[in-house]
Amino acid sequence: MLLIEDLTFRYPGADKDLLNIPHWQVEAGEAIFLTAPSGSGKSTLINLLAGIITPQQGTIRVLDTPINQLSARRRDAFRARHIGMVFQQFNLIPYLSVADNIRLASHFSALSTHEADKRALRLLDKLGLSEMEAGHKAAQLSVGQQQRVAIARALINEPQLLLVDEPTSALDTAHRDKFIDLLMQQLVPARTSLIFVSHDASLRSHFSRHVEIGALQHDAA
């Protein structure tokens with residue numbers, strides 16, 4: 001599903017690499033909990049895996065496609081078709097409806113509007129949101145409902161890889177565990193691979209594999 005080889009990344013003006021990963025591999029269907037202290041490059045790694053940014057050196061292969069070697073336009077299209085993302089703040093557009101927020105994720109995909117709408121309603125139903133609620137503006141939703149919309153948006157294109165970046169940091173324990181359970185339930189049928197980023201080590205029991213970002217780095221080898 002994912003293969004990293006000889007990756008290095010540093011931000012402009014920095015005097016050393018933030019990330020230096022000789023090799024990392026993720027198989028189809030794995031649920032990986034990725035943790036590290038704040039500022040150690042977790043979110044940067046997620047953005048690299050999604051093709052939002054590119055490394056100075058190395059190769060990132062998703063489904064055997066070297067995404068960092070694609071043009072920006074082709075990376076956008078590849079991400080839309082194969083990679084789902086759930087962000088820390090959910091990044092919903094508050095004045096758009098639930099349905100329209102989800103439709104935006106299918107913009108670069110091969111889905112027709114009709115098929116995208118059918119998938120969106122199926123996902124929302126699985127996640128406990130009604131067709132009526134699909135017409136509500138995102139700003140009208142509770143935090144728990146926004147979580148469900150964020151999951152539906154990430155899964156609308158049936159991605160093979162799902163990247164989740166610190167989405168539970170502002171939640172209490174009950175809401176946090178419910179969010180993770182909902183997420184996991186959606187991944188099993190398609191054997192979607194999950195990389196879940198968090199600094200909260202208490203979450204690791206939900207996942208089949210735990211990885212510390214320091215263990216991936218060349219200096220930690």
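Two strands are taken to pair if DSSP finds at least two bridges between them. In this predicted model, 4 strands form an open sheet on that basis, in the order S2-S1-S4-S5 and with antiparallel pairing. Strand S2 (19-26) and strand S5 (65-66) occupy the edges, each with a single partner strand, so one side of each is left without a neighbour in the sheet. Strand S1 (residues 2-9) and S2 run antiparallel and are joined by 7 bridges. Within this pair, Ile 4 of the model stands opposite Trp 24 in S2.

The interior was examined next. The largest nonpolar core comprises 35 residues, and those with the most contacts inside it are Ile 102, Leu 162, Leu 183, Leu 194, Phe 196 and Phe 207. At least two residues of this core are supplied by each of strand S3 (31-35), H3, H4, H5, strand S7 (161-165), helix H6 (173-187) and strand S8 (193-197). Another core, of 31 residues, lies apart from the largest one and has Ile 4, Phe 9, Leu 49 and Leu 161 among its members.

Phe 207 illustrates the contacts of the largest core. Residues up to four places away in sequence not being counted, Phe 207 touches Ala 31, Ile 32, Phe 33, Ile 180, Met 184, Leu 194 and Phe 196.

Ile 102 belongs to helix H3 (residues 98-105), where Val 98, Ala 99, Asn 101 and Ile 102 are buried. Seen down the axis of H3, the buried residues fall within an arc of 160 degrees, so they line one face of the helix. The cover over these buried residues includes helix H4 (113-126) and helix H5 (143-155).

Note on methods:
Residues numbered from 1 in each chain as written. Predicted model: local features only at pLDDT ≥ 70, side-chain atom pairs only at ≥ 80, totals over all residues. Heavy atoms only, no water. Buried < 20%, exposed > 50% of the residue type's maximum accessible area, 1.4 Å probe, protein only. Arc of directions from axis to C-beta. Contact = heavy atoms within 4.5 Å. Core = buried A, V, L, I, M, F, W, Y, C linked by side-chain atoms within 4.5 Å.
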